[in-house]
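Hi,

Here is the structure I promised to pass on. Have a look at it first, and my notes follow below.

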Amino acid sequence: MDKVSFLQEKSTFHMKYPDQSDLAFYRWYTTQYPNEAIGWFHLGQEREAQGNREQALEAYRRGLVSKQGSYYNETRDAYQRLLRERQRNSLGNRTRLLLASLLFLYFQFAFSPGPLRDASSKTMPQAAKQPVPTPGQAQPHVEVIAVPPTLSARELSEQVRRYVESRRPALTQPFTVMVVPEVPGSPLFRPLLFYQPREVRGIVRYNPTSRTVLSEKWWDKPVQFEREPALATSKGELTDEQLTLQHVLILRNALYRYYQQTGTLPAQLSDLAGAYPGNYLPQIPVPPKRLLLKSYPYHPKAFLAGSAWDSLRNVLPLPGYPEPVAPFEPLQLHLTTSTHTMKLISGSHLVRSYPVAIGKNGSTPEGYYTIQKKINQPRGHDNIYGTRGMVFQENGYALHGTNHPESIGSSVSLGCVRLYNAAVEELYTFVSLGTEFIISNAPSSAQPWSNPAPFVLPAGPEEETPKVIYNWLH
C-alpha cells in the first residue's frame, strides 16, 4: 500500500472514530494489514515519540518481516538506528560504572605507593600507522546475463548489442558479456554477479570507447559451460572477478555490522577477525594475486555516519573492477520455511542459495533476527551441530551444520535451522555478527540457482568454545 492509500485509511478511521488517537489507528492498521511495512513504521515512530523504545523496536522488527513495499527501507533504517542507540547507551552505562569503580580505587590508593601509582606514570605506545595500499590495476571484466530461451542467435546478437550500449556507458575498457539461458526467478538482461553458468548461448566482447563489438560467438543450442573451449579464458576471468566481489562484499558487510553494534569502524581490518565472541569474520580475505595487492585498501577516515553503507564504497573500494550497476546492499539471510530454502542476498543480488532443514510443527519462529554469536566446532552430543554454529535467538535457536545430512529439506528439528556442513562453513565465512536473518512462511517457489565455486575462510581454535556444551533446539 502506498502513502496516499495509507493516509486515506487514516482519514477514514478518524472520521469514523473521532475520539481515537493516531496510536489507535496504527494499532488497528497493523492488525488489518500485518504485511504492510508502512503501518509498522508509523507505529514504531509513535512508540518512539512516547519514549517506548523497546516497543518501537518490536514494531520495526515486525515491519521487516512484511513484504518489501512502501516504507520497508525506512523501517529497516529506523530499526538499525534504534539498535545502535541502545548499544551505545548500554556501553555508556558500563563505562560510567567502570569509571566510578576506578575513581573509588584511586581515592583509596592515591596516596599510597604501589602498582596503581607506578602504572599511571607509564605511557602507552602509539599505534603504528598503516600504509595505504594502492588500488589494484584494472582487470578483465565479465558480466553474466540471462536471456529468453526463444530468441534466435540473430535476435540475441541485436538485443545484447543494445544491452552493452546502454548498460555500461561509464566503462572505458573492453569487457565480456556471457549470455546464459533464462534463470527462473531472476531478471533478464541484468548482471547476475554470483551465478555459476551451466549452459551458455553466446559470448560477446565489446569496446565501450569505440562502441564496437570486438568479437561474438553464438550457439543455436546451449553449450556446456565447463566443456566449451571457446569459454576457457572468460571462465577464468569470471572466477577471479566473482572471488574479488565476494571478498569486498564480505568485508563491507562486516564493517557495516561492526559500526551498527559499536558506533565506530575498527582501526584496522584485522580487528574484524577477533577471537570469540568478537569474531565478525574468521579471517580477512587476501586479494587474488593478479590484483598485485598485499591487502585490500582500507580508508576509515572516508566513512560518513550519515550515509554509513554508501560511504563504504570509499572506505573499502572495489579494486580492479567496476562497481555493480545495481549497488551492493548489506547482506541478509532470508529463510522461506515453505520451501526449506535459505538465500543469502545483497539488495537485488542473490549471492547464495541453500536447502535447509527446519523445525517440525512450525517450531522455527518467524521473525526478524540478527546473528548474535558465531561458534567454530560447537560442542554437542554425537557431533549433532556439525562444524559451525550461528546463534540468532538466545533461547536455543541457531543455524548449524548436522551429522544427519539426509534430514536437509525436511521439517524435523525442534526449531533450529540445519544446513549441510559444507554450506554452513561457507555461510559462516560470509555472515558476520549482526547480519540480519529474516524467517517467513510466505508462499514462494524454490527457484533453482547455481552457486559459484565454494568459498570458505578457515576458522581457528580462537573461535571455539571447548568448555561449552550447547543445547540448541536441534
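A quick definition before the notes: a cavity here is a set of grid points where a 1.4 Å probe fits but cannot get out. Keep in mind that this is a predicted model.

With that definition, the search of the whole structure turns up 2 cavities of 30 Å³ or more. The largest cavity comes to about 100 Å³. It is lined by 13 residues, and those closest to its centre are His141, Val142, Leu193, Glu241 and Leu245. Strand S1 (142-147) and helix H8 (232-262) are the elements that each give two or more residues to this lining. If you care about the chemistry, the lining of the largest cavity splits into 9 nonpolar, 1 polar and 3 charged residues.

On to the annotated site. An unreviewed UniProt entry gives "active site" for His400 and Cys416. They span 17 residues in sequence, yet their C-alpha atoms are no more than 7.7 Å apart, so they gather at one spot. His400 is in strand S12 (residues 397-400), while Cys416 sits in the loop between strand S13 (411-413) and strand S14 (417-418). His400 has 0% relative accessibility, so it counts as buried, and Cys416, at 0% relative accessibility, counts as buried too. Among the residues that His400 touches are Cys416, Trp472 and His474; the contacts of Cys416 include His400, Trp472 and His474.

One last thing, the hairpin: strands S3 (residues 199-207) and S4 (residues 212-224) run antiparallel and are joined by 8 bridges. Glu199 has Gln224 in S4 as its bridge partner. There are 4 residues between the two strands, and Arg211 takes a positive phi near 55 degrees.

Cheers

Note on methods
Residues are numbered from 1 along each chain as its sequence is written. This is a predicted model: local features need pLDDT of at least 70, side-chain atom pairs count only at pLDDT 80 or more; totals for chains, interfaces and linings use all residues. Side-chain values use heavy atoms; hydrogens and water are left out. On a 1 Å grid over the protein atoms alone, a cavity is a set of points where a 1.4 Å probe fits but cannot get out, and a pocket is an open set with protein on both sides within 12 Å along at least five of seven lines; lining residues have an atom within 4 Å of a point. Grid points are joined across faces, edges and corners, and a volume is the space filled by probe spheres set on the points. Ala, Val, Leu, Ile, Met, Phe, Trp, Tyr, Cys and Pro count as nonpolar, Asp, Glu, Lys and Arg as charged, and the others, Gly among them, as polar. Two strands pair if DSSP finds at least two bridges between them. UniProt positions are given in the numbering used here, feature names are shortened, and annotations may be inferred rather than shown by experiment. Buried means under 20% relative accessible area, exposed over 50%, partly exposed in between (1.4 Å probe, protein chains only). Contact means heavy atoms within 4.5 Å. Lists of a residue's contacts leave out its neighbours within four places in sequence.
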